[in-house]
Amino acid sequence: MRAQTHHGGQWQDAASGATITVKDPYTGEIAGSVPSLGEAEIRAAIAAAEKAFPRWSRTPNRERGVLLRRWLDLIERHKEDLAQLITLENGKPLKEARAEIAYGSGFIELYAEEATRIMGEIIPPNMPGRRLMAEREPIGVCVAITPWNFPMAMLTRKIAPALAAGCTMVCKPASETPLTALALAVLAEEAGIPAGVLSVVTSEPALFGDIVTASSVVRKITFTGSTRVGAILMSASGPTIKRLSLELGGNAPLLVFDDADLDLAIETAMVAKFRNGGQSCIAANRIYVQRGIYEDFLAAFQKRVAALKVGDGFDPETDIGPLISRRAVEKVEAHLDDALAGGARLIAGGKSDGSLLSPATLLRDVAPNALLAREETFGPLAGVIPFGSYEQGIAMANDTPFGLAAYLCSSRQETIARASRDLETGMIGINTGLISTASAPFGGVKQSGIGREGSKHGIDEYLNYKYLCHAGL
Ligand code: NAP
């Protein structure tokens, strides 16, 4: 475990001696501490990225890909240690930590290859004697800010395309989960990624945000986190006109139509709601079930939810680990209380025992305007809302300022095609709750963000076009 930050190729403590304490959310014990860097040190990390940029951006694409591949090989070799670190600081079950590493590694594998496929264009000339070309060049120094819910994958999804494109990057991981990020930096250094190309710094978030948004050296900020902080970064980046990628909050609906295959619908609801303990931006936050299948769905769902085991992430029997913080538990319970006050009925689970373990909980007959249908719950609380017509279901699903993911369960091709068109989200899971993969474009519409991560398109976020007009030929 590395308890220093890594910038400009150097491992350092904060000059002030200030630290950020990292806790194991299951035991509440201290898992480690990392430096809380000050202004001068954050500026030094940006300067190191600026210094490294000319050489890295001119390194042949294939060589950049080879270095990413070496990093991937080291991650693969140390994947069990990394999984343990994720479970230690995030609390998620070890099996989910291992799945996150496989998912997060997929981005490095993809962009190690995509590095060699960054192509420009030859454009038909607009007049004789001219040659028109559009080259692609890296944006420059980038900054990544990531959340705690996927401590590894949210970083690799940004670092891999940035480095493949020829950008250099300064990352600030979430203060709850910086240890995994620093371990990734250790492996990147070991892989031979040059000094300054990738820095991982830890600091007080607003200080970091203020410095990087005001910096004219930083040409792009890529952020995953809440819509609230995304909006702060967007407006603070205005004066320096930065490129932004924003992967923000979701409020995903799951629509189960009368003609759905019941087993598939239950499986979809289980994965979409309870994966990562519900602490996922694409978690099904509102479950709308059509009246014809409502009682059958609830009976089968109740059995599955009641069987979920909440506990220590290191226990192989555990399905759901602790939530990340007391605040997270309080939010889940506020949503539970609000739904009950609005007439919902509790049919599985309930409240926390005072620890950060929040039981898998199921509510039926939730009112459409309940808090849990309007805000991300970010915990293992499922609220089921009945609906009548197709139009009513779609209208309720779209009645939100967010538009990240949606899920739908139906066995009729016509319903699937219609709902896929009508749902206002960036991603849709059709008869599945598991949609994330490095090879597909991930991202939202409306207040869920700007830009896409993953797939061949993810690298475009780190490239500019340079148009060359060659006359006199
Ligand atoms: P958050 O509070 O927005 O924090 C995310 C990151 O931003 C953390 O590193 C945090 O640092 C940092 N931060 C906070 N205030 C900042 C500021 N003023 N300037 C610069 N950085 C700042 O979000 P969270 O609660 O950790 O994560 C949950 C949210 O992320 C949910 O809304 C979820 O939907 C969203 N999410 C979205 C996606 C997606 O792909 N769309 C994926 C995962 C999560 P500290 O940790 O030091 O506070």
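**Group meeting: the ligand, the pockets, the cavities and one sheet**

I start with the ligand: one of its oxygen atoms is 2.7 Å from an N or O atom in the side chain of Arg 157. Keep in mind that this is a predicted model.

Two further contacts are worth pointing at. At Ser 175, a polar side-chain atom lies 2.4 Å from an oxygen atom of the ligand. Pro 205 takes part through its backbone: an N or O atom there lies 3.4 Å from a nitrogen atom of the ligand. How many residues surround the ligand? There are 30, and the closest are Thr 146, Arg 157, Ser 175, Ser 226 and Glu 376.

Now the pockets. The largest pocket has a volume of about 1300 Å³. It is lined by 43 residues, and those closest to its centre are Trp 148, Gly 225, Ser 226, Arg 228 and Val 229. You have met Ser 226 already, as one of the residues closest to the ligand. Which elements build the lining of this pocket? Helix 7, residues 205–214, supplies at least two residues, and so do strand 10 (218–224), helix 8 (227–236) and helix 11 (326–341). Sorted by class, the lining has 19 nonpolar, 14 polar and ten charged residues.

The second largest pocket has a volume of about 290 Å³. Its lining is made of 13 residues, and nearest its centre lie Glu 96, Met 270, Phe 274, Arg 275 and Leu 308. Helix 4, residues 94–114, and helix 9, residues 262–274, each give at least two residues to this lining. Helix 9 gives the most, with four residues. What is the class make-up here? Seven residues are nonpolar and six are charged, with no polar ones.

Next, the cavities. The count is five cavities of 30 Å³ or more. The largest cavity has a volume of about 70 Å³. Its lining includes Tyr 103, Phe 150, Met 154, Arg 157 and Arg 275. Two of those names should be familiar. Arg 157 is among the residues closest to the ligand, and Arg 275 is among those nearest the centre of the second largest pocket. The rest of the lining of the largest cavity is Ser 280, Cys 281, Ile 282, Ser 436 and Phe 442. By class that lining has six nonpolar, two polar and two charged residues.

The second largest cavity has a volume of about 60 Å³. Along the chain, its lining takes in Asn 90, Gly 91, Lys 92 and Pro 93, then Asn 276, Gly 277 and Gln 279, and then Ile 320, Gly 321 and Pro 322. Here the classes are three nonpolar, six polar and one charged.

Last, a sheet. Three strands form an open sheet, ordered 5-6-22, with antiparallel pairing. Why is one side of strand 5 and of strand 22 left without a neighbour in the sheet? Strand 5 (121–123) and strand 22 (463–470) stand at the edges and have a single partner strand each, so one side of each has no neighbour in the sheet. On average, and with direction ignored, neighbouring strands of this sheet are turned by 25° against each other.

Look at the join between strand 5 and strand 6, which covers residues 131–138. The two run antiparallel and are joined by three bridges. For one residue to find on screen, take Ile 122: its bridge partner in strand 6 is Met 133.

Note on methods. Residues are numbered from 1 along each chain as its sequence is written. This is a predicted model: local features need pLDDT of at least 70, side-chain atom pairs count only at pLDDT 80 or more; totals for chains, interfaces and linings use all residues. Side-chain values use heavy atoms; hydrogens and water are left out. On a 1 Å grid over the protein atoms alone, a cavity is a set of points where a 1.4 Å probe fits but cannot get out, and a pocket is an open set with protein on both sides within 12 Å along at least five of seven lines; lining residues have an atom within 4 Å of a point. Grid points are joined across faces, edges and corners, and a volume is the space filled by probe spheres set on the points. Ala, Val, Leu, Ile, Met, Phe, Trp, Tyr, Cys and Pro count as nonpolar, Asp, Glu, Lys and Arg as charged, and the others, Gly among them, as polar. Two strands pair if DSSP finds at least two bridges between them. Axes are lines fitted to C-alpha atoms, for helices over the stretch in contact, and angles run from 0 to 180 degrees between N-to-C directions. A residue is near a molecule or strand if one of its heavy atoms lies within 4 Å of it. A polar contact is a pair of N or O atoms within 3.5 Å; within protein, one must be able to donate a hydrogen and the other to accept it, and residues adjacent in sequence count only if both atoms are side-chain atoms.
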